[in-house]
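Me: I am in my first year and would like a close look at a single part of this protein, namely the place where two helices pack against each other, and then at what lies around it in the rest of the chain. Please take me through it slowly and in connected prose.

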Amino acid sequence: MAANANYDSKEYLEGVDRYWRAANYLSVGQLFLRDNPLLKRDLTSDDVKIKPIGHWGTIASQNFIYANLNRVIQKYDLNMFYIEGSGHGGQVMVSNSYLDGSYSEIYPNISQDEQGLQRLFKQFSFPGGVASHAAPETPGSIHEGGELGYSLSHGTGAILDNPDVIAAVEIGDGEAETGPLAASWFSDKFINPIKDGAVLPIINMNGFKISNPTILSRMSDEELTEYFKGMGWDPHFVEISVDNDTDYMRVTEDMAKAMDDSIEKIKAIQKNARENNDDTLPHWPMIIFRSPKGWTGPKHDLDGNPIEGSFRAHQVPIPVSAGDMEHVDLLTDWLKSYKPEELFNEDGTIKQEVRDMAPKGDQRMAMNPITNGGIKPEPLKLPDYKKYALDIQEHGKTIAQDMLVWSKYLADIMKLNPNNFRGFGPDETKSNRLYHALDYGKRQWEEDIHEPYDENMAPHGRIIDSQLSEHQAEGWLEGYVLTGRHGYFATYEAFGRVVDSMLTQHMKWLRKAGEQDWRHDYPSLNFVDTSTVFQQDHNGYTHQDPGLLTHMAEKKASLVREYLPADANTLLAVSDVAFRSRSKINVLVTSKHPRPQWFSIDEATNLVHNGLGYVDWASTDQGQEPDIVFASAGTEPTWESLAAISLLHDEFPEMKIRYINVVDILKLRSPKLDPRGLSDEEFDRLFTTDKPVIFAWHGFEGMIKDLFFDRHNHNLHVHGYRENGDITTPFDMRVLNQLDRFDLAKEAVNDIPEYAVKGAYFAQRMDDMVAKHTAYIREVGTDLPEVNNWQWKPLK
């Protein structure tokens, strides 16, 4: 189409309709066919898939939306990309990227001819082919949509700090019922019209889910208008009903007007904001498109029940397969209804008048650089982490808050990276002690600000944590890093579990994206768990769950890292590694409370680079076989292990104790499972082949037992979280789970045969201390003075 095309003319809109029919034809072909893509002969069982797998319900309406978005991209010269929220509609982005030529550019074997069509059709939902979702194999996708609810969050994260970009976010009306999607309508409260781009939500309201009606579809336009206006959006309605489902030109005209109005309003909002430095919260436009589920497909099933406009259109709507060809005429008639002879040439190439309706070059939504690693992605500029280090002259003497120290480092990262580094969280940044990051970076917030009641809030900020939604914070971060930027999500440890399935989905995306040689890599996603299980002073049992560590350890070894720094310097050294990494999920578990500081910055750096290490100043076995090996991973496990070692050394100075501090817990994996894992020789050198190992662990004990399963030494005694908790004192949380120094020291004497008898009095003393502790806290309300005032003493 010429550059001076009249995008509002009847002729142009007829071209949009023609393009849409082509996308629908390709989408049905992908669902059913493996050969004979142009119907040059009657369909036979060899032409049809043995088991058609996929979904039809949202396809035609999504293709319609996509075709009309192509029009406004060209009319208004937009930088726009598409997010497919409905989920089960993988044909949509494949069909449209094939029509605009990008699919064949990326996959030359899926050529623009009859053979390419045949391969395109056969590969869909077929062994060795492509997925039925908008998977990483799909050009233009950053959102697979298998697990519903995150489309608008991902779209919002993508347009932050991308002022020229519009995310066209298609939202299924079933998806709209999920908690995360319902929460994501608040996203407008965090989009700065000067510094950020825009999202255009488009609700694809076809009325049904798998087998139920959707809630929004049963609400009137008036009710929906009141609801969305109250949420800060300006809805535009487009509708075609099942009773008048072939009025294609009328609905195309209506959609063109709704999209024009929406784009013009977005541009007007941004022009006013940017010319007048006016970051007042606007009412952003959105579109609600009512159409029948399964639109343009078969009308009724063999029993006379409606398919189009009902839940029956959700998946494969007609019983046609290679083994069931009795009703193949239903499929033939369906495909021919799109008039393929008007869409494709005899040799299978796409007619030029169809191709002309798609944008060109990087304006094609399938080729927008934002969907493949970002628009001009920049590496993160990192300050020297060592300049934030605590000066540790004596081990354990300095008391500091790890997250408070870390916040100074974060603030300077924000200064160095003003447009491509952000922090996210669910209203916990201040609680998690990131004061310096807040003071410098501010919370981004577009609603009114009421000082002094509000604090650290600004229309443009580097932290977004003012919505109490883990799903939103994680979704924004995912959208941000998938478009080439950098950041972290900091949350209470127990409630990181709220989004553990989102982390799983992100891991799956990274895995499949990494298999595509055309896809660029991504900055890592950094997930910071704090307010941890072993100190919840006023929250109690509900806030005690370190299970994310086990959950993520079960995922692909190449994509997940889990770090448990024991102090501030180790946290700084970990952060330098994590922030430099690519295409990983880094889980950092760290403390926000005042804690003894153990390691100099050089010691911490060595621990992090090696993943773990022998700590000579906390060991007495130098050059000899140990009697007992202590290992710890995590802040409180390290504290209690060192206290237990001190107790043992004071009582049994001849006992040969080895202490190992573990930061990168997954380094303990066998190299048979993870190439990064310690070899058996390295493992045995640290943990021996048969000496008792007491492992003080931050998480559930089964994870450590799994890590030792393939190793020689099974003389293992793990003390971790045992699902015992309460509102109690910090030390009592460790006592409840037998992670305290007294239980660890008792375990040691019981595990060493030569001490089992001569150490019996000591074991009893440890039991007495636990009993004394329990009585004391119930009387006084705080921990024993000998616990609170304990300090590490150098070993003799």
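Reply: Let us begin with the helix pair, keeping in mind that this is a predicted model. Helix α1, which covers residues 10–32, packs against helix α9, residues 248–276, with an angle of about 105 degrees between them and a distance of 10 Å between their axes. Two packed helices are described by exactly these two quantities, the angle between the axes and the distance between the axes. Since angles of 65 to 115 degrees count as roughly perpendicular, α1 and α9 are therefore roughly perpendicular to each other. On the α1 side the contact is made by K10, L13, E14, V16, D17 and W20, while α9 contributes Y248, M249, T252, E253 and A256. Sorted by character, the residues of this contact comprise 6 that are nonpolar, 1 that is polar and 4 that are charged.

From the helix pair we can turn to the sheets, beginning with an open one of 5 strands, whose order is β1-β2-β3-β5-β4 and whose pairing is parallel. The edges are taken by β1 (79–84) and β4 (233–239), each of which has a single partner strand, so one side of each is left without a neighbour in the sheet. Neighbouring strands in this sheet are turned against each other by 20 degrees on average, if direction is ignored. Within the sheet, strand β3 (residues 198–205) and strand β5 (residues 284–290) run parallel and are joined by 4 bridges, and I203 stands opposite I288 in β5. Helix α6, made of residues 151–159, lies across β1, β2 and β3, and runs at about 175 degrees to β2, the strand of residues 165–172.

The loop between α5 (114–123) and α6 holds a residue that deserves a pause, E137. Is E137 buried or exposed? Because a residue counts as buried when its relative accessible area is under 20%, E137, with 11%, is buried. If residues up to four places away in sequence are not counted, E137 touches Y107, K512, Q516 and W518.

A further open sheet of 5 strands has the order β16-β18-β17-β19-β20, and its pairing is mixed. Here β16 (612–614) and β20 (716–721) stand at the edges with a single partner strand each, so one side of each lacks a neighbour in the sheet. From one strand to the next, the twist averages 20 degrees. Strand β17 (residues 628–633) runs parallel to strand β19 (residues 693–700), to which it is joined by 5 bridges, and the bridge partner of V629 in β19 is V693. Helix α22, residues 701–709, packs on this sheet, where it touches β19 and β20, and its direction makes about 130 degrees with that of β19.

Finally, these parts can be placed within the whole protein chain, which has 27 helices and 20 strands. A compact globule of 796 residues would have a radius of gyration near 28 Å, and the value for the protein chain, 30 Å, agrees with this. Along its principal axes the C-alpha trace spans about 95 × 65 × 45 Å. Of the 796 residues, 64% count as buried. Among contacts between residues at least 6 apart in sequence, 77% join residues at least 24 apart.

How values were computed
Residues are numbered from 1 along each chain as its sequence is written. This is a predicted model: local features need pLDDT of at least 70, side-chain atom pairs count only at pLDDT 80 or more; totals for chains, interfaces and linings use all residues. Side-chain values use heavy atoms; hydrogens and water are left out. Axes are lines fitted to C-alpha atoms, for helices over the stretch in contact, and angles run from 0 to 180 degrees between N-to-C directions. Helices (H or I, at least four residues) and strands (E, at least two) are DSSP runs, numbered from the N terminus. Angles under 35 degrees count as roughly parallel, over 145 as roughly antiparallel, 65 to 115 as roughly perpendicular and the rest as oblique. Contact means heavy atoms within 4.5 Å. Ala, Val, Leu, Ile, Met, Phe, Trp, Tyr, Cys and Pro count as nonpolar, Asp, Glu, Lys and Arg as charged, and the others, Gly among them, as polar. Two strands pair if DSSP finds at least two bridges between them. The radius of gyration is taken over C-alpha atoms; the globule rule is 2.2 Å times the number of residues to the power 0.38. Buried means under 20% relative accessible area, exposed over 50%, partly exposed in between (1.4 Å probe, protein chains only).
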